[in-house]
Amino acid sequence: RRRLAMIIDGTAAGTWEWNVQTGQMRVNARWAEIVGYRLDELEPVCQKTFLKLVHPDDIALSDAALEDHFEGRSDNYACLL
């Protein structure tokens, strides 16, 4: 855990985790900064938080990328908005 934390900190990576079954999401402070906020301004973080931050014209692209991943057509969710 310590090594992973050091890698994330050292690369200034924004991270997010989403439990699809429960809807719970976690993001780090860097991710909040990347989208223009402080972490405390976004809490509690949930799927609605993501939907508020994504431009409505980009939702279809994101949904298609998620479907590709869920259906096994891609190894991970990758979507550049």
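Q: Is Y77 buried, partly exposed or exposed?
A: This is a predicted model. A residue counts as buried under 20% relative accessible area and as exposed over 50%. Y77 has a relative accessibility of 21%, so Y77 is partly exposed.

Q: Which residue forms an aromatic pair with Y77, and of what kind is the pair?
A: By the rule used, the count of aromatic pairs comes to two. In one of them the ring centres are 5.8 Å apart and the planes stand at 80°. Planes over 60 degrees apart count as edge-to-face. The partner of Y77 is W16, and the pair is edge-to-face.

Q: How many residues apart in sequence are the parts that W16 and Y77 tie together?
A: W16 belongs to strand 1 (residues 16–18) and is partly exposed, at 35% relative accessible area. Y77 lies in the segment after helix 5 (59–70). The pair therefore ties together parts whose separation in sequence is 61 residues.

Q: What kind of aromatic pair do W18 and F70 form?
A: The ring centres of W18 and F70 are 6.4 Å apart, with the planes at 55°. Stacked pairs have planes under 30 degrees apart and edge-to-face pairs over 60. The angle of this pair is 55°, so the pair of W18 and F70 is tilted.

Q: Which elements hold W18 and F70?
A: W18 is partly exposed because its relative accessible area is 23%, and F70 is partly exposed at 45%. The pair links distant parts of the chain, 52 residues apart. W18 sits in strand 1 and F70 in helix 5.

Q: Which residues make up the largest nonpolar core?
A: Buried residues make up 16% of the 81 residues in the protein. The largest nonpolar core has six residues in all. Strand 2 (25–27) and helix 2 each supply at least two of them. The members are M25, V27, W31, A32, L42 and V45.

Q: Which residues does L42 touch, leaving out those up to four places away in sequence?
A: L42 is a member of the largest nonpolar core. Among the residues that L42 touches are W31 and A32, which are also in that core. The full list is W31, A32, V35, Y37, T49 and L53.

Q: Which residues make the nonpolar surface patch of about 250 Å²?
A: One member is I34, placed in helix 2 (residues 29–34). I34 counts as exposed because its relative accessibility is 51%. The patch is made by I34, V35 and Y37.

Q: What separates R30 and E33 in helix 2?
A: The side chains of R30 and E33 meet in a salt bridge, at 2.6 Å from N to O. R30 is partly exposed, at 31% relative accessibility. R30 and E33 are three residues apart in helix 2, so the separation is about one helical turn.

Q: Which residues are joined into one network by salt bridges that share partners?
A: The count of salt bridges comes to six. In one of them, R38 meets E41 at 3.7 Å, N to O. Shared partners give a network of R38, D40 and E41.

Q: How many buried residues are there in helix 1 (residues 2–11)?
A: The protein has five helices and two strands. Helix 1 has 10 residues and is hardly covered. The count of buried residues in helix 1 is zero.

Conventions: Residues are numbered from 1 along each chain as its sequence is written. This is a predicted model: local features need pLDDT of at least 70, side-chain atom pairs count only at pLDDT 80 or more; totals for chains, interfaces and linings use all residues. Side-chain values use heavy atoms; hydrogens and water are left out. Patches are made of residues with over 30% relative accessible area and no salt bridge: like charges are joined within 9 Å, nonpolar side chains (Val, Leu, Ile, Met, Phe, Trp, Tyr) within 5 Å. Accessible areas come from the Shrake-Rupley method with a 1.4 Å probe; for residues, only the protein chains shown count as cover. A salt bridge is a side-chain nitrogen of Lys or Arg within 4 Å of a carboxyl oxygen of Asp or Glu. Helices (H or I, at least four residues) and strands (E, at least two) are DSSP runs, numbered from the N terminus. Buried means under 20% relative accessible area, exposed over 50%, partly exposed in between (1.4 Å probe, protein chains only). Rings of Phe, Tyr and Trp (its six-membered ring) pair if their centres lie within 6.5 Å; planes under 30 degrees apart count as stacked, over 60 as edge-to-face and the rest as tilted. A nonpolar core is a set of buried Ala, Val, Leu, Ile, Met, Phe, Trp, Tyr and Cys residues joined through side-chain atoms within 4.5 Å. Contact means heavy atoms within 4.5 Å.
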